[in-house]
Amino acid sequence: MLNIILLGLPGAGKGTASAPIIDKYHVAHISTGDMFREAMAEETPVGLEAKKYMDAGDLVPDEVTAKLVEERLQKSDVLNGFILDGFPRTTVQAELLDQITERLNKPLSKVISIDVPEDILVERLSARYICKNCGATYNKISNPTKVAGVCDRCGGKEFYQREDDKPEVVKNRLKVNKEMNTPLIDFYDAKGLLTHVNGNQAPEKVFADIEAAWLTNIGGLFFSNLTKKCYNSQV
């Protein structure tokens, strides 16, 4: 079973890295936003509890978010494992997740930190632009229009950039997220679960590095358990 957490700053490519893992290992991709939307749409008790906070403009408490995660991890599509993206965000949530995975007997296989230099992240995130006419989204680096200055969808020629995609705003987003990520990296490093992967390379290489980290961990667990069995049989 493959149960992993993906950590990384905005623009690091967590979503891109998730896709081939899902395709190959048939695991569930669980993002915090999707999880909240699904629970509220299905009107589960925990979903309705979370909705009360969100409707009031308040942050959903860690305990309620953890309940949503536990509820989500018991669905049928998690049979082969899961990728958590966006949870945990704090060490308090990480501790709650430890309790959940222990109760459900779904231990974490690995925590992957996808690392990309901040100047590259600013460049990636600041490259997004949107068609003013139809709202189609493009990226100057990874997804430009087929014809320069012309929207693929509607043929529009006017584009704009969202306020939160402007370089100065992006830099602040990265600073805030880095402050949140660092304690989590330390938390999982201390547990021996953390692996750093270079996210500033081709997507297929990022996937290969993530896969290698997971398989190495599985191999280590296998030989560790085998050694214990051999030792116990001799006692």
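**Entry 1: the strands around β3**

Which residue in β3 does Ile30 stand opposite? I looked this up before anything else, and found Leu84 facing Ile30. A reminder to myself: this is a predicted model.

Ile30 took me to β2, residues 28-31, so I checked how that strand meets β3. The two run parallel and are joined by 4 bridges. Then I turned to β1, residues 2-7, which also pairs with β3 in the parallel sense, this time over 5 bridges. For one position in that pairing I noted Ile4, whose bridge partner in β3 is Ile83.

Next I asked myself how many residues of β3 are buried. I got 5 of 5 for the strand, residues 81-85. I also sorted the strand by direction: Gly81, Ile83 and Asp85 point one way, Phe82 and Leu84 the other, and all are buried. That fits the textbook picture, in which side chains of a regular strand alternate between the two faces of the sheet. So the two bridge partners I had noted go to opposite sides, with Ile83 pointing one way and Leu84 the other.

**Entry 2: the cavity**

I searched for cavities of 30 Å³ or more and came back with 1. Its volume is about 40 Å³. Which residues line this cavity? I wrote down Leu2, Ile21, Tyr25, Phe207, Ile210, Glu211 and Trp214. The elements giving two or more residues to that lining are α1 (14-25) and α8 (203-234). α8 gives the most, with 4 residues.

By class I have 6 nonpolar residues, no polar ones and 1 charged. The charged entry is Glu211, because Glu counts as charged. I decided to follow that residue up.

**Entry 3: Glu211 and its partner**

Is Glu211 buried or exposed? It is buried, at a relative accessible area of 15%, because the cut-off for buried is under 20%. Side chains of opposite charge can pair when their charged atoms come close, so I looked for a partner and found Lys24. The two form a salt bridge with the closest N and O atoms 2.7 Å apart. Lys24 is in helix α1 and Glu211 in helix α8, so this pair ties together parts 187 residues apart in sequence. Lys24 itself counts as partly exposed, at 46% relative accessibility.

**Entry 4: other salt bridges**

I ran the search over the whole structure and got 17 salt bridges. I kept notes on a few of them.

Asp98 and Lys191 meet through their side chains at 3.1 Å, N to O. Asp98 belongs to helix α5 (residues 91-103), while Lys191 sits in the loop between α7 (167-190) and β8 (194-198), so the pair ties together parts 93 residues apart in sequence. I have Asp98 as partly exposed at 22% relative accessibility, and Lys191 as partly exposed too, with a relative accessible area of 42%.

Back in α8, I picked out Asp209 with Lys205, whose closest N and O atoms are 2.7 Å apart. Both lie in that helix, 4 residues apart, which is about one turn. Asp209 counts as partly exposed at 24% relative accessibility, and Lys205 is partly exposed with a relative accessible area of 39%.

Last, which residues did I find linked in a network of salt bridges? Glu38, Glu42, Arg72, Lys75 and Asp77.

Conventions:
Residues numbered from 1 in each chain as written. Predicted model: local features only at pLDDT ≥ 70, side-chain atom pairs only at ≥ 80, totals over all residues. Heavy atoms only, no water. 1 Å grid on protein atoms, 1.4 Å probe; cavity = no way out; pocket = protein on both sides within 12 Å on 5 of 7 lines; lining within 4 Å. Points joined across faces, edges and corners; volume = space filled by probe spheres on them. Salt bridge = Lys/Arg side-chain N within 4 Å of Asp/Glu carboxyl O. Buried < 20%, exposed > 50% of the residue type's maximum accessible area, 1.4 Å probe, protein only. Pairing = 2+ DSSP bridges.
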